[in-house]
Amino acid sequence: LDDWYFQSDIPKIKSEIDLSIIGNYKYNIRINGKLKLDKNNPSVKKNCLHIPGLGEGHCSVVSMGMNNIPAFKEEDYMLSKKNFISRLMFDYISFTSPRGQVSKFTKTWEDADKTLRLRYLDGQTSKKNFFKNKLPEEIINIENLKERAQKVYQFLQKKLNWNNKYWTSEKLRIKKSFEEGSGSVDAINLILYNSLQAANIESYIVALSTRENGLPTKLYPMVNDFNYIIVKAIINGKAYFLDATNKNLSFGQIPFKCLNGDGRVLDFKKGSYWEEIKTKTNSSINTRLILNLNNLGNLEGKMQIKRKGYFALNEREKIKVTTEDKYLDDFESKNPSLETENYNTKNLLDNEKTLIQSFDLNIEIDKNNVIRLNPFFYNKFSENPFKLEKRNYPVDFGYSRSYTYAIS
């Protein structure tokens, strides 16, 4: 059964659902969102169907509704609207055949772990011996654990290319993906997991749901809630979450889309557990301008921008897909008061270091009797992103961020 959305992007006078579920189908029925039901009349309808040779069957009746439903309005810095919009969800528990055979779909977490390992990970979690022979010997022999893990990660990050597929239901053959240098999220990160195991780094697969996919339920095992896997490495007592699908990520950084509450750490020996997915990297922008008023009455000087964490990741991705001329044209069109002359970038290819950009600038000033300057020439906040009078869901930036702006 598909979810029933009481709420959508338009206001509604009324939304109701009436259905009968045959007794041999069992569902967990959950209500999502803050709005209250105006109609809720569950019942059992006896003898709702007749099966020749077997007899009569009963049905459970769901009858729910809401009145005067406001539109759901999305706003910046929120998780998926699926987490907050008012809807009815049907989680399939089991089916009983006419002969009495029960097929369970919601089991214990132990069963779910087994399903994930054998069916969803296709039994590809025990290939470390293969990858031990594929990793460069100079990496395997590094004594420092963190440095060894970083080198394994960087080696695979450079070798493997993501094919834009998430957690697939296809047959996984990670040896083939390694040889071809391309694969889905699950193939690439299973290669990373097995390679870390081969390098004697404590590591685990982590199943998660991306921000767009919504938060996974913890009420009972629902393996279909997950659509992505990453790797957790433990080095000298510290945990690092890793994803080798993006060539611009630093060690301990995962894609922004993966910062979505808790993930399920799959420990097949001691038992799996939930853990909040956090990044180890700090995200900051440090902007420094040194300007002088020249003889023409305009400002000239230098601007330096230092980026760390996700700010560096986003800028690296932007710089690498365009030419320098196009990048500077786009920079000037977004900052019409700035005219750039000399420009250079430092640490573009080293994800572990701060991305540093330097510009020589000319800023033309309106010549009036009184000159008024807004010192925030670049990267200023021009509007408040929070416009709703009442917001019924939390603000979620995904990661903490710091902005520093200094002008002389």
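**Exercise 1. In this predicted model, determine which residue of E15 stands opposite Arg264, and describe how E14 and E15 are joined.**

Solution. Begin with the pair itself: the residue of E15 that stands opposite Arg264 is Trp274. Next, place this pair in its strands, for E14 covers residues 262-266 and E15 covers residues 273-276, and the two run antiparallel with 4 bridges joining them. Finally, follow the chain from one strand to the other: E14 and E15 form a hairpin with 6 residues between them, and in the turn Gly271 has a positive phi of about 105°.

**Exercise 2. Work out which residues of helix H1 are buried, how they are arranged around the axis, and what they pack against.**

Solution. First list the buried residues of H1, which are Trp109, Ala112, Asp113, Thr115, Leu116 and Tyr120. These residues cover an arc of only 165° around the axis, and therefore they lie on the same side of H1. On the other side of the helix, Glu110 and Arg119 are exposed. The buried residues of H1 pack against E14 and E15, the two strands of the hairpin in the previous exercise.

Then compare the span of the helix with the ideal value: a straight helix of 12 residues would span 16 Å at 1.5 Å a residue, whereas H1, residues 109-120, spans only 14 Å between its end C-alpha atoms. Just after H1, Asp122 takes a positive phi of about 55°.

**Exercise 3. Decide whether Asn298 is buried or exposed, and identify what it touches.**

Solution. Start with the location, since Asn298 lies in the loop between strand E16 (283-293) and strand E17 (299-308). Its relative accessible area is 16%, and because buried means under 20%, Asn298 is buried. Leaving out residues up to four places away in sequence, Asn298 touches Asn292, Leu293, Ile363, Glu364, Ile365 and Lys367. A separation along the chain can be set beside one in space: Asn298 and Asn362 are 64 residues apart along the chain, yet their C-alpha atoms are separated by 7.2 Å.

**Exercise 4. Find which residues of the largest nonpolar core touch the most other members, and trace the contacts of Leu196.**

Solution. The largest nonpolar core holds 78 residues, of which Leu196, Ile230 and Met303 touch the most other members. Helix H6, residues 185-198, supplies the largest share of this core, with 9 residues. A second, separate core has 11 residues, among them Ile21, Tyr27, Met64 and Leu88. Returning to Leu196, and setting aside its neighbours within four places in sequence, one finds contacts with Ala149, Val152, Ile201, Ser203, Val231, Ala233 and Leu242.

Conventions. Residues are numbered from 1 along each chain as its sequence is written. This is a predicted model: local features need pLDDT of at least 70, side-chain atom pairs count only at pLDDT 80 or more; totals for chains, interfaces and linings use all residues. Side-chain values use heavy atoms; hydrogens and water are left out. A nonpolar core is a set of buried Ala, Val, Leu, Ile, Met, Phe, Trp, Tyr and Cys residues joined through side-chain atoms within 4.5 Å. Buried means under 20% relative accessible area, exposed over 50%, partly exposed in between (1.4 Å probe, protein chains only). Contact means heavy atoms within 4.5 Å. Two strands pair if DSSP finds at least two bridges between them. The expected span of a helix is 1.5 Å times one less than its number of residues. The arc is that of the directions from the helix axis to the C-beta atoms.
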